[in-house]
Structure formats: structure tokens, C-alpha cells
Amino acid sequence: SFILLLGRLGHDRTFEAAHAILVKDRDDLSIPLLLEQLPTPKAFRDAVASLSPEQQRFARAYRSMQLEGSVFGVLVLQLKPQLERLLNLPPDALTK
């Protein structure tokens, strides 16, 4: 499992997280980072209409950050190694 974070690049090269979503093993997530024009508000509404409420909130947060025009970042954080580190366990201790 992973946590996908959206945020801004802050001062001193720090990542300031603003939104997050949990991505499980079988979740399929595609975030195209293309250098093309953003969809119109109606096209965006139509595109996210079939998503779950949680995914819609995340998509809206993603679009909101795109529209702000600031530099934003996407960070993927793998959960297992972070939990092992937090719990002072050896590497791969949480692997079956």
C-alpha cells in the first residue's frame, strides 16, 4: 500500500502536503502529467462523474492545485518501510 500526496514545493526544497489518498495493492490510479490545456469545467465534471466520492475529492483537489498556477508536487510514500522504521523493526519484518 502507498499514500499518494499532493502538495506544494515550499521554501528550502521542502514538500508541503495538502491532500492525500491511500492507494491499495489492486487500485489503479492514472495521473497524466501532460503539458496541454486543462479541460473545461464541464469536461472535468463529466470526467470525474463516475469516480467514487473519495476519488472525486482527490481529483478536485488535484485540479484546484493545477489551477492555482503554483509549483506543485506529487509524492508517493510506500507504507511498509515507513511503518517498520517507526516501530524500530528490521527491514522486511512486515513481509509475510
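In this predicted model, in which local features need pLDDT of at least 70, side-chain atom pairs count only at pLDDT 80 or more, and totals for chains, interfaces and linings use all residues, the axes of helix α1 (residues 41–48) and helix α2 (residues 53–68) come within 10 Å and cross at roughly 150°. Because angles over 145 degrees count as roughly antiparallel, α1 is roughly antiparallel to α2; the axes are lines fitted to C-alpha atoms over the stretch in contact, with angles from 0 to 180 degrees between N-to-C directions. Pro-41, Phe-44 and Val-48 of α1 meet Gln-56, Ala-59, Arg-60 and Arg-63 of α2, where contact means heavy atoms within 4.5 Å. Helices are DSSP runs (H or I) of at least four residues, and strands (E) of at least two, numbered from the N terminus.

Helix α2 also takes part in the largest nonpolar core, whose seven residues are Leu-4, Leu-6, Ile-21, Val-23, Phe-58, Tyr-62 and Met-65. Such a core is a set of buried Ala, Val, Leu, Ile, Met, Phe, Trp, Tyr and Cys residues joined through side-chain atoms within 4.5 Å, buried meaning under 20% relative accessible area, exposed over 50%, and partly exposed in between (1.4 Å probe, protein chains only). While β1 (2–9), β2 (15–23) and α2 each supply at least two residues of this core, α2 gives the most, with three.

In the segment after α3 (79–86) lies Asn-88, which has a positive phi near 55° without being a glycine and counts as exposed at 70% relative accessibility. Residue numbers run from 1 along each chain as its sequence is written, and side-chain values use heavy atoms, with hydrogens and water left out.

Terms used. Parallel < 35°, antiparallel > 145°, perpendicular 65-115°, else oblique.
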